[in-house]
Each structure stands twice: as C-alpha cells, then as structure tokens.
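Could you take me on a walk through this model in my viewer? I would like to know what to select at each stop and what is there.

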Amino acid sequence: MMIETISEVATQVTALAGNGHVQAFGNVCAKAPSQEAEGYAKDIVGWVKWGVIWLLIGAGFASAGLMVAGKISQSGRAAQMGSSGMFWTVIGAVGFAVIYGILTGIVGNGC
C-alpha cells in the first residue's frame with residue numbers, strides 16, 4: 001500500500017511539472033565531500049585493505065604452522081585447529097574479494 005502511494009505521488013508530481021521524462025539517479029558516482037576528505041578517505045581505505053590482507057596472510061601462516069606442529073607432536077587437536085583455521089582463512093579471503101568487488105561495483109571506479 002505504501003509503495004503504491006509513493007509511486008502515485010511521484011507520478012502526479014512529474015505530471016504537474018509538465019515533464020513526462022523522469023531522470024534516474026543511477027549514474028551518480030560516490031565521492032568524498034571535499035578534496036581534503038578525499039585524501040583521508042583513500043588513505044583509510046588503503047590501510048583497511050592492507051590490514052585485511054596482512055591479517056589473512058598471518059592467519060594462513062599461523063594455521064599452517066599449527067597443522068605442522070600438530071602432526072609433528074602427534075596432537076590431533078592442534079592439527080584439527082590448524083586445518084579449521086586454514087578453512088576460515090580461505091573463507092575470509094573469498095569474502096574479502098567478494099565484498100571488495102561488490103563495493104567497487106556500487107561506488108564505481110574513478111567516475
């Protein structure tokens with residue numbers, strides 16, 4: 001009901017304006033509010049990307065080390081924790097790539 005009401009109001013407003021053509025806002029590129037903020041925004045995004053990449057690399061090495069240590073010391077639990085950590089590291093890397101792709105698709109790239 002609410003969506004139909006909003007649609008009807010939008011139709012009436014465009015009809016009253018005398019312009020039958022409604023422009024879409026799909027081509028608007030997201031950008032920082034000012035030149036000063038744009039530099040800070042790029043720095044923060046860069047720091048977050050590098051932080052996530054290094055966390056994933058560290059988690060991968062820690063998981064591999066735990067698996068090796070578990071196999072050497074014949075500790076099944078340590079090896080299991082290492083393999084579980086490796087699984088979650090791969091899931092995290094895939095999630096990072098997917099989220100980055102989605103955000104790049106929404107925000108655009110250099111409008």
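**A guided tour**

Start by selecting Phe96, which counts as partly exposed at 24% relative accessibility. Keep in mind that this is a predicted model. Now add Tyr100 to the selection; at 40% relative accessibility, Tyr100 is partly exposed too. These two residues sit four residues apart in helix α3, so about one helical turn separates them. In general, an α-helix has 3.6 residues a turn, so residues three or four places apart point the same way.

**The whole protein**

Zoom out and colour by secondary structure. You should find three helices and zero strands, following the pattern α-α-α along the sequence. Of the 111 residues in the protein, buried ones make up 7%. The protein exposes about 9100 Å², and carbon and sulfur atoms supply 70% of that area.

Next, colour by pLDDT. The average for the protein is 77, and 65% of the residues score at least 70. Among the elements, helix α1 (residues 2–17) has the lowest mean pLDDT, 60, while helix α3 (residues 76–107) has the highest, 87.

**Along helix α2**

Select residues 35–72, which form helix α2. How far apart are its end C-alpha atoms? They are 56 Å apart, which agrees with the 56 Å that 38 residues should span at 1.5 Å a residue. Just past this helix, click on Gln74, which follows α2 and has a positive phi, near 55°.

Which residues of α2 are buried? They are Gly60, Ser63 and Gly70. The next stops visit two of them.

**Stop at Ser63**

Select Ser63 and show its side chain. Is this residue buried or exposed? Ser63 counts as buried because its relative accessibility is 9%, and the cut-off for buried is under 20%. Draw a distance from the side chain of Ser63 to the backbone nitrogen of Met86, and you should read 3.3 Å. Leaving aside neighbours within four places in sequence, Ser63 is in contact with Gly82, Gly85, Met86 and Thr89.

**Stop at Gly60**

Move to Gly60, also found in helix α2. Gly60 is buried, with a relative accessible area of 15%. Not counting residues up to four places away in sequence, Gly60 touches Met86 and Thr89. Add Trp88 to the view: Gly60 and Trp88 are 28 residues apart in sequence, yet their C-alpha atoms are 9.1 Å apart in space.

**Across to Thr89**

Now select Thr89, which lies in helix α3. Thr89 is buried, with a relative accessible area of 10%. Which residues does it contact, leaving aside its neighbours within four places in sequence? Thr89 is in contact with Leu56, Ala59, Gly60 and Ser63. For a wider view of such contacts, residues 24 or more positions apart account for 47% of the protein's contacts with a separation of 6 or more.

**The aromatic rings**

Finish with the rings, where the structure holds two aromatic pairs. Phe87 and Trp88 form an edge-to-face pair, 5.1 Å centre to centre with 75° between the planes. Phe87 is partly exposed, with a relative accessible area of 47%, whereas Trp88 is exposed at 55%. Then return to Phe96 and Tyr100, whose ring centres are 6.4 Å apart and whose planes are at 25°, so this pair is stacked.

How values were computed: Residues numbered from 1 in each chain as written. Predicted model: local features only at pLDDT ≥ 70, side-chain atom pairs only at ≥ 80, totals over all residues. Heavy atoms only, no water. Buried < 20%, exposed > 50% of the residue type's maximum accessible area, 1.4 Å probe, protein only. Polar contact = N/O pair within 3.5 Å; in protein donor to acceptor, adjacent residues only side chain to side chain. Contact = heavy atoms within 4.5 Å. Expected span 1.5 Å × (residues − 1). pLDDT = per-residue confidence, 0-100. Areas by Shrake-Rupley, 256 points an atom, 1.4 Å probe, with all protein chains shown as cover. Phe/Tyr/Trp six-rings, centres within 6.5 Å; stacked < 30°, edge-to-face > 60°.
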